[in-house]
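Dear colleague,

I am passing on the structure below, and would be grateful if you could read it alongside my notes. They cover the ring pairs, the core, one helix and the cysteines.

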Amino acid sequence: MKKSVLEIVKKTVLEIIEKLRKIKVPTERQYVLGFAVVVALLALGRFLSQNEVSAEEVQIDLANLRIDKPHRIWSVPNYKNAFPDGQDIQILAAEKWGVRPVKNRENAEKRKNELVYVAASPYFHVDKLNNSIPYLVPRAANLLQDIGQAFYDSLYVKGVPLNQLIVTSVMRSMDDVAKLQRHNQNATDRSCHLFGTTFDICYNRYHPVVKPVRDDTLKWVLSEVLRDMREEGRCYVKYEVKQGCFHITVR
């Protein structure tokens, strides 16, 4: 009798639980790896259901989190053409979906009913923020979470070692904008970041979960994820060359 996919997943989950029981106090790396395994299993379920692959054709490798038949990586033909949404387009969405700009971080913390703290997620790593604060409106926070999850899923089904995205800029307070303008004359006082709808994801640095990937593979996978999100009408995306990031505003 053929083993069902459910039996394979159940057996794998039991193996994971048994290993976790032996860890008294998990480290941050162990926690992220454990979470990554769960994400990988979910991605496996999607892969099987979408591609009608039998259970016998798939082998789960816990050591490397790989799939026997990895999907091909396509990237996008041209980053600038695929992600052209400039300030004139993104600011309209920011003003539509965003909140009234906050004065400073203390003001943001008092408006928790309007904003979501986003600096603690297994799907992405928030860089040290010098000119922004880790808050977004719920609509944008959900988008960021979905991008991170889709990126994990894509890495898994393409056989690429898991790495977290790095968020380099989130919501800017009016104080942040004023500070930026003192050092950068091109900094606008009508930034999309003021409204809690916009964030930047770095495309040339990533936070390794399993092991680093040295070439542009992660950038190619990320571009596919963002292209799909943009085509689904969930966001506007601008490819920023000088800043080395994708500038994203929720729609």
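Tyrosine 117 is partly exposed, at 45% relative accessibility, whereas tyrosine 135 is buried at 5%; here buried means under 20% relative accessible area, exposed over 50% and partly exposed in between, with a 1.4 Å probe and protein chains only. The model is a predicted one, in which local features need pLDDT of at least 70 and side-chain atom pairs count only at pLDDT 80 or more, while totals for chains, interfaces and linings use all residues. Residues are numbered from 1 along each chain as its sequence is written, and side-chain values use heavy atoms, with hydrogens and water left out.

A search of the whole structure gives eight aromatic pairs, a pair being rings of Phe, Tyr and Trp (its six-membered ring) with centres within 6.5 Å, counted as stacked when the planes are under 30 degrees apart, edge-to-face when over 60 and tilted otherwise. Tyrosine 117 and tyrosine 135 make one edge-to-face pair, 5.7 Å centre to centre with 65° between the planes, and this pair links strand S1 (residues 116-117) to strand S3 (residues 135-136), with the two tyrosines 18 residues apart; strands are DSSP runs of E of at least two residues and helices runs of H or I of at least four, numbered from the N terminus. The rings of tyrosine 203 and phenylalanine 246 are also edge-to-face, with centres 5.4 Å apart and planes at 65°, and both residues are buried. Ring pairs join Tyr79, Phe83, Tyr203, Tyr239 and Phe246 into a cluster.

The largest nonpolar core (buried Ala, Val, Leu, Ile, Met, Phe, Trp, Tyr and Cys residues joined through side-chain atoms within 4.5 Å) has 47 residues, of which Phe83, Ile147, Phe199, Phe246 and Ile248 touch the most other members. Helix H6 gives the most to this core, with eight residues. Helix H6 itself (residues 138-157) has 20 residues and spans 29 Å from first to last C-alpha, close to the expected 28 Å, the expectation being 1.5 Å times one less than the number of residues. Just after H6, glycine 159 adopts a positive phi of about 75°.

What does a search of the whole structure find in the way of disulfides? It finds zero, a disulfide being a pair of cysteine sulfur atoms within 2.5 Å. For cysteine 202, the closest cysteine sulfur, in cysteine 245, is 7.6 Å away and therefore too far for a bond. Cysteine 202 is buried at 3% relative accessibility, and cysteine 235 is buried at 0%.

With best regards
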